[in-house]
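Visitor: Could you walk me through this one? I'm new to reading structures.
Guide: Yes. Here it is.

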Amino acid sequence: MIDKNAPSSYPPAAWRLVVDGEADGATNMAVDEAILSAVIDGASPPTLRFFAWSPPCLSLGRNQPLADVDGQACAAAGVDVVRRPTGGRAILHADELTYSVALLQIDPRAAGDVLTSYRCLSVGLLAGLRRLGLEVAHSAGKRKAPVDPSAVCFEVPSNYEITVGGRKLVGSAQWRVRGGLLQHGTLPLQGDITRVVTYLTFSEAERLAQRRALRARATTLENALARQVPFAEAAQAMTDGFAQALNVTLVPGALTAHEDALASDLRRERYASHAWTARV
């Protein structure tokens, strides 16, 4: 395992840094997959991307039932619904910094099984959050999945997700395909961490219990630091953390014309398609 204080243990590498503004859920997921495809094909370098969401969006894990979603509540509040290419449970994307990393599995930063590579990449997140002044840690190692897992992603920290004061702060998920790896995740900057419960099919009693659980087990950056952190400040801290911890030079860039075209196709044919959203 790579020591967080010894980034030179990794060979130096150059990655592209893409800092995007807000986009709808289907566009954001299409862009992530388009970048991964270009990296796999050798058309683009490994890429670290930061982005935001507008309008707010409820994202489902790749194999999470659409029946978990309260469609009427989402429509009434103007909340989009999208299905991620990665696994996990539902996340409400609002007032947050989202990151994604796309690279080849042969990269030493992606070596090993999912948990090993997840932990290695998460060291960049830890370093970034420490630059903001937080005492953060990986959550405890392997734990048995609950018999009846919640529909809510932030309800319980998973293996090697990032916590502060024992409460989950960063949730991530990973997808491996054709020798490539996409890991993306969310850092809630501010707002009510329990809002997601409103848009899921719980009874009122279940909603109350879920809200209580979320308040006890998850938090936002604002709550952890007792101040609001703008998107740009959080993105810069995380950029510096990834660069230091993973020994990478991050070169600012943008999507290529090929990636833009592929993202447009993926958005239309998959992520904005009801057939994809309703696949489970």
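**A helix, a tryptophan and the whole chain**

Guide: This is a predicted model. Start with helix α4, residues 204-217: at 1.5 Å a residue, its 14 residues should span 20 Å, and its end C-alpha atoms are 20 Å apart, which agrees.
Visitor: Which residues of α4 are buried?
Guide: R207, Q210, A213 and L214. They cover an arc of only 130° around the axis, so they sit on the same side of α4.
Visitor: Why would residues spread along a helix point the same way?
Guide: An α-helix has 3.6 residues a turn, so residues three or four places apart point the same way.
Visitor: And which exposed residues are on the face turned away from the buried side of α4?
Guide: That face carries E204, A205, R212 and A216.
Visitor: New topic. Where is W175?
Guide: W175 is in strand β9, which runs over residues 167-177.
Visitor: Is W175 buried or exposed?
Guide: Buried: its relative accessible area is 14%, and the cut-off for buried is under 20%.
Visitor: What does W175 touch?
Guide: Leaving out residues up to four places away in sequence, W175 touches E33, L36, R62, P85, T86, G180, L181 and L182. Of these, R62 is 113 residues from W175 in sequence, but their C-alpha atoms are 9.6 Å apart in space.
Visitor: Now the whole chain. How many helices and strands are there?
Guide: Eight helices and eleven strands.
Visitor: What share of the residues is buried?
Guide: 52% of the 280 residues.
Visitor: How much area does the chain expose?
Guide: About 11700 Å², with carbon and sulfur atoms supplying 53% of it.

Note on methods: Residues numbered from 1 in each chain as written. Predicted model: local features only at pLDDT ≥ 70, side-chain atom pairs only at ≥ 80, totals over all residues. Heavy atoms only, no water. Helix = DSSP H or I, 4+ residues; strand = E, 2+ residues; numbered from the N terminus. Buried < 20%, exposed > 50% of the residue type's maximum accessible area, 1.4 Å probe, protein only. Contact = heavy atoms within 4.5 Å. Expected span 1.5 Å × (residues − 1). Arc of directions from axis to C-beta. Areas by Shrake-Rupley, 256 points an atom, 1.4 Å probe, with all protein chains shown as cover.
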